[in-house]
Amino acid sequence: MNTPSAIAGAAGGNAQKPLLTVDHLTMRFGGLVAIDDVSFVAGNGKITAIIGPNGAGKTTVFNCLTGFYQPTVGRLALHHPKGDFLLERIEGYRIAQQVNVARTFQNIRLFSRMTVLENLIVAQHNTLMRASGYTFFGLLGLKRYRAAESQALDLARYWLDRVGLIGKADWEAGNLPYGDQRRLEVVRAMCTEPVLLCLDEPAAGLNPRESAGLNDLLAFIRDEHKIGLLLIEHDMSVVMGISDHIVVLDYGRKISDGAPDYVRNDPAVIRAYLGEEEDEELPPLVAEDISEGRQS
Amino acid sequence: MAADDRSGMLKEAGLAALVAFALAFGLVGFKTEDVPGGLAIVLRFGDVAMIAGLAFVGRLALALLRRGRPRPALSMALPFAIVMLILLLAEEVPLPAADWGRFLPFASPVVNWLIFIAAFAIAGRAGWTLWCESAAPGTEERHRIMGRIGARARRTARVLGPIIFVVALVLPLFPFADRRILDIAILVLTYIMLGWGLNIVVGLAGLLDLGYVAFYAVGAYSYALLATYFGLGFWICLPFAGVMAAFAGILLGFPVLRLRGDYLAIVTLGFGEMVRIILLNWYEFTNGPDGISGIPRPTFFGLAFQRTAPEGVETFHSFFGLAYSPIDRIIFLYYLILILALITNLFTLRIRKLPVGRAWEALREDEIASRSLGINPRNTKLTAFAIGAMFAGFGGSFFATRQGFISPESFTFIESAVILSIVVLGGFGSQIGVVLAAVLLIGMPEFFRELHQFRMLAFGAAMVLIMVWRPAGLLAHREPTIRLDGGGRSAAAGQ
């Protein structure tokens with residue numbers, strides 16, 4: 001089994017510390033072990049995919065990283081430009097507020113009765129809150145707040161332009177088509193200006209063309225904004241197309257870890273996805289039937 | 001097919017008549033009346049029959065409308081409405097020739113007017129449908145029409161606000177604005193202010209608060225106690241009452257942070273009752289059920305509204321060299337509550353466009369997503385509770401100074417329910433909607449005092465009608481807090 005340091009060498013390639021180092025992460029719910037001693041690293045400017053069959057514990061990893069769960073055991077070290085942080089010690093919402101880890105959700109969670117633009121402005125809550133002097137200056141209508149607001153608008157406009165939603169900026173988010181909602185959730189997370197973006201099945205329910213578009217968007221975020229992306233995905237065209245590094249989970253354990261080509265041919269992964277090769281254990285009669293069937 | 005249709009309609013109308021009969025038989029059929037020597041039961045089966053008959057005819061007209069036959073509905077409703085109107089007007093202007101009133105269905109003019117309005121509404125619907133030339137106004141059609149009316153209402157809402165504001169501003173100057181009208185207006189404005197305050201908590205932050213009257217009580221008692229114990233004036237106590245109520249809001253907010261929806265509603269309901277019961281039982285401090293009397297009236301920059309001022313205080317009328325008139329004080333109170341309400345409104349409009357206001361709405365929409373964006377749910381909810389409660393505190397202290405007497409009686413659950421209905425019927429988060437709903441729900445029962453104990457039926461009927469016609473509230477329209485070009489020009493591009 002690979003050790004975390006070995007993978008760091010493989011993923012980063014240089015002496016720089018990886019963006020995220022997950023060490024011996026374990027999450028138990030009562031007697032149920034959802035994640036069992038998982039370690040991996042995610043590099044800066046890389047897309048790290050976490051894949052695995054249903055119930056493998058992928059979303060639980062995300063919930064631990066983004067403060068929704070408190071891990072039972074383990075260390076989640078984030079190498080942030082501001083310094084090193086241990087995510088498991090930071091209270092829920094502060095993970096987004098202070099160390100800039102953003103996420104999206106498996107079932108889209110937009111503010112559906114607010115407009116598309118408002119969704120992106122809400123994402124910049126903390127910047128605007130500071131600019132509005134925690135509401136007091138904002139109430140007085142000071143120039144400083146108005147400047148911050150127009151800056152926030154610029155950022156929102158930039159991302160709306162990028163995903164082609166600029167014409168729908170004043171739509172209620174809940175009225176958008178499904179694919180647009182997916183993209184909006186990704187750019188809403190980007191508006192928090194994260195260093196690590198966790199995407200929980202962003203391609204779920206998208207048609208092939210939309211998911212190709214999503215690939216482009218994710219590659220753009222990685223290449224232009226140089227942040228780390230952590231991606232849970234079932235759509236192998238997305239995973240194999242853009243991932244730099246893949247971690248495979250099964251029943252809460254890490255079964256494989258490496259570059260896409262390596263993971264694709266890993267017998268452990270094939271076993272987890274397609275089941276054991278059971279030919280030898282078949283009763284002789286059944287084996288005979290099968291071979292006869294092949295002949296005829 | 002047609003015969004089938006006809007029997008269906010008759011069955012529907014018959015069923016409505018039966019229900020009306022069953023309801024009216026007990027409620028209207030028997031009436032106790034004081035006669036010499038005790039109570040006598042007066043039988044009013046004529047009225048019962050009239051009610052059942054009207055229900056039959058009205059339902060038949062509606063059934064015709066719904067089955068896409070507006071012409072017979074119109075021919076039924078229109079003559080009826082016209083006859084009713086003539087009779088009603090004839091009764092208003094007593095003609096010497098005959099007692100026209102006896103042809104009216106009921107003795108009470110208000111009920112007769114309501115029946116006329118119903119008939120007129122049915123006739124109007126039928127006429128409208130005919131005019132539109134739409135043969136079958138199905139659900140689709142109706143939604144479309146309602147949508148169009150809604151869009152128009154939205155446009156008028158922008159004009160409506162200033163109009164209502166100007167009317168409210170000049171209301172006391174009208175000759176018909178006597179003491180009664182002004183008193184009702186003050187009451188309505190108080191509820192508008194409370195509605196706007198609760199709108200922050202319920203409409204914006206989405207925290208269902210059934211105990212809002214508790215903060216109203218805290219504000220009222222803060223002022224009353226400070227005034228009676230320390231002799232402080234209204235203007236000093238007003239901010240203090242707001243602060244006390246906001247503090248109570250935070251006190252309530254902390255334990256309910258994790259609760260949502262029904263659970264939150266139950267706990268806030270309990271909190272409202274707790275405050276009332278404390279006020280009732282802490283006799284040494286609050287004077288319990290006896291209440292606090294002799295609460296000082298507000299002054300106009302130190303000028304009292306009295307005929308003869310106590311020593312050291314000048315009166316309003318002597319300072320300005322006017323003749324004393326008791327209505328001066330009422331007009332002053334009217335403008336006072338108008339200003340307080342407007343402050344609440346402007347504050348809400350402003351804070352909606354600030355990050356904290358958007359965070360409230362985001363929290364209402366999805367708390368988990370808000371947390372993932374770094375919004376602190378605890379502080380955000382607490383500010384909503386505190387600010388909402390603060391305005392209730394201002395309102396409460398106005399209530400205390402207006403009444404001059406308060407007791408826990410005034411702060412029962414029904415008050416919270418009324419304020420919440422104003423917010424719900426107005427349309428969550430809609431400022432103008434709150435005004436309309438308050439006028440409807442508070443003003444109307446005052447005008448319908450003639451109906452005595454059935455007055456609250458008017459309240460109930462208004463609620464049912466609004467919920468049937470506009471389930472999301474009178475003006476359920478959410479204006480975006482920000483637009484790309486900073487103005488309202490791209491509004492039409494939305495849908």
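Colleague: At what angle do helix α7 (residues 213–230) of chain B and helix α15 (residues 377–403) of chain B pack?

Modeller: At about 50°, with their axes 6 Å apart. Axes are lines fitted to C-alpha atoms, for helices over the stretch in contact, and angles run from 0 to 180 degrees between N-to-C directions. Helices are DSSP runs of H or I with at least four residues, strands are E runs with at least two, and both are numbered from the N terminus. This is a predicted model: local features need pLDDT of at least 70, side-chain atom pairs count only at pLDDT 80 or more, and totals for chains, interfaces and linings use all residues. Residues are numbered from 1 along each chain as its sequence is written, while chains are lettered from A and ligands numbered from 1 in the order in which they are written.

Colleague: Why are α7(B) and α15(B) called oblique?

Modeller: Under 35 degrees would be roughly parallel, over 145 roughly antiparallel, 65 to 115 roughly perpendicular, and the rest is oblique. The angle is about 50°, so α7(B) and α15(B) are oblique to each other.

Colleague: What is the hand of the crossing of α7(B) and α15(B)?

Modeller: Right-handed. A crossing is left-handed if the near helix is turned anticlockwise from the far one by less than a right angle, and right-handed if clockwise.

Colleague: Which residues of α7(B) and α15(B) meet?

Modeller: B:Phe215, B:Tyr216 and B:Gly219 are among those in α7(B), and B:Ala392, B:Gly396 and B:Phe399 among those in α15(B). By class, the contact residues are 12 nonpolar, 7 polar and no charged. Nonpolar means Ala, Val, Leu, Ile, Met, Phe, Trp, Tyr, Cys and Pro; charged means Asp, Glu, Lys and Arg; the others, Gly among them, count as polar. Contact means C-beta atoms, placed from the backbone, within 7 Å.

Colleague: What makes the domains of chain A, and where do they run?

Modeller: An automatic or database domain assignment sets the bounds. Domain 1 of chain A covers 4–100 + 194–295, and domain 2 covers 112–193. Their contact takes 12 residues from domain 1 and 11 residues from domain 2 of chain A. On the domain 1 side, α3 (94–98), β7 (196–200) and α9 (208–225) of chain A each give two or more residues. The largest share, 3 residues, comes from α9(A).

Colleague: Which strands are at the edges of the sheet β2-β1-β4-β5 of chain A, and why are they called edges?

Modeller: The 4 strands form an open sheet with antiparallel pairing. β2 (32–42) and β5 (83–86) of chain A each have a single partner strand, so one side of each lacks a neighbour in the sheet. Pairing requires at least two bridges found by DSSP.

Colleague: How do you know that β1 (residues 20–29) of chain A pairs with β4 (residues 73–80) of chain A?

Modeller: 5 bridges join these antiparallel strands, against a requirement of at least two. A:Asp23 stands opposite A:Arg75 in β4(A).

Colleague: What is the pairing in the sheet β6-β7-β8-β3-β9-β10 of chain A?

Modeller: Mixed, in an open sheet of 6 strands. β6 and β10 (253–258) of chain A are the edge strands, each pairing on one side only. The twist averages 15° from one strand to the next. Within the sheet, β7(A) and β8 (residues 228–232) of chain A pair in the parallel sense over 5 bridges. A:Leu199 stands opposite A:Leu231 in β8(A). α9(A) lies across β3 (47–51), β7 and β8 of chain A, at about 155° to β8(A).

Colleague: How many residues of chains A and B are in contact?

Modeller: 31 residues of chain A and 30 residues of chain B. The chain A side has 14 nonpolar, 11 polar and 6 charged residues.

Key. Two residues are in contact if their C-beta atoms, placed from the backbone, lie within 7 Å.
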